[in-house]
Amino acid sequence: MRVQVRVRPGARRDEVGGCRDGPRGPALLVAVRARAVEGQANAAVVAALASAFALRRGEVAIIAGHRGRDKIVELAGEEGALRPRLAELLAG
């Protein structure tokens with residue numbers, strides 16, 4: 001399942017939840033403590049999303065937007081189980 005994400009690097013804590021209107025529609029907000037230096041923020045985004053969706057890090061991949069705040073992320077897993085969790089996170 002592909003998810004649009006808006007990243008906020010340099011946050012006080014890692015957090016997944018909330019919605020923002022992105023360039024391609026609604027995007028899930030992901031705040032990470034890591035700075036956007038040498039891929040640190042991208043690695044933190046993968047870890048935060050894996051934790052939020054109860055997936056392994058290898059089941060989460062950034063497929064577009066590696067250098068920007070707006071990203072498209074691929075989540076491997078059963079879409080029937082991931083969609084309700086996504087709706088819950090977007091609402092929160």
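Where does Gly39 lie? Gly39 sits in the loop between β3 (25-32) and α1 (40-52), and that loop is where I would like to start our tour.

Before we go on, a word on the model: it is a predicted one, in which local features need pLDDT of at least 70, side-chain atom pairs count only at pLDDT 80 or more, and totals for chains, interfaces and linings use all residues. Residues are numbered from 1 along each chain as its sequence is written, and side-chain values use heavy atoms, with hydrogens and water left out. When I say helix or strand, I mean a DSSP run, numbered from the N terminus: H or I with at least four residues for a helix, E with at least two for a strand.

Back to our loop. Gly39 has 41% relative accessibility, so it counts as partly exposed. Let me pin those words down: buried is under 20% relative accessible area, exposed is over 50%, and partly exposed is in between, using a 1.4 Å probe and protein chains only. The C-alpha atoms of Gly39 and His66 are separated by 8.2 Å, with the two residues 27 apart along the chain.

Glu38 is in the loop between β3 and α1 too. Its phi is near 50°, a positive value in a residue other than glycine. Is Glu38 buried or exposed? Glu38 is exposed, because its relative accessible area is 78%.

Now step into the helix. α1 has 13 residues and reaches 18 Å from its first C-alpha to its last, close to the 18 Å expected at 1.5 Å a residue. That expected span is 1.5 Å times one less than the number of residues. Many names on α1 belong to buried residues, including Ala41, Asn42, Val45, Leu49 and Ala52.

Just after α1 comes Ala54, with a positive phi of about 55°, although Ala54 is not a glycine. You will find Ala54 in the loop between α1 and β4 (60-64). Ala54 counts as exposed because its relative accessible area is 70%.

Next, the core. What is the number of residues in the largest nonpolar core? This core has 25 residues, and those with the most contacts inside it are Leu49, Phe53 and Leu75. By nonpolar core I mean a set of buried Ala, Val, Leu, Ile, Met, Phe, Trp, Tyr and Cys residues joined through side-chain atoms within 4.5 Å. The elements giving two or more residues to this core are β1, β3, α1, β4, β5 and α2. The largest share, eight residues, comes from α1. As background, nonpolar side chains in soluble globular proteins tend to be buried together.

Let's look at one of those residues. Phe53 touches Leu28, Leu75, Leu82, Arg85, Leu86 and Leu89, leaving aside residues up to four places away in sequence. A contact here means heavy atoms within 4.5 Å.

My favourite residue is Lys71, in strand β5 (residues 70-75). Lys71 is buried yet has no salt bridge, and the nearest side chain of opposite charge, Asp70, is 8.9 Å away. For charges, Lys and Arg count as positive and Asp and Glu as negative, while His and the chain ends are not counted. A salt bridge is a side-chain nitrogen of Lys or Arg within 4 Å of a carboxyl oxygen of Asp or Glu.

So what joins the side chains of Lys71 and Asn42? A polar contact of 2.9 Å does. In addition, the backbone oxygen of Gly65 lies 2.7 Å from a polar atom of the Lys71 side chain. A polar contact is a pair of N or O atoms within 3.5 Å; within protein, one must be able to donate a hydrogen and the other to accept it, and residues adjacent in sequence count only if both atoms are side-chain atoms. Not counting residues up to four places away in sequence, Lys71 also touches others, among them Val3, Val5, Ile62 and His66.

Finally, the salt bridges. How many does a search of the whole structure find? It finds seven.

One of them joins Arg2 and Glu74, whose closest N and O atoms are 2.9 Å apart. This pair links distant parts of the chain, with Arg2 in strand β1 (residues 2-9) and Glu74 in strand β5, 72 residues apart. Arg2 is exposed at 60% relative accessible area, whereas Glu74 is partly exposed at 27%.

Asp70 and Arg6 also meet in a salt bridge, at 3.1 Å from N to O. Thanks for listening, everyone!
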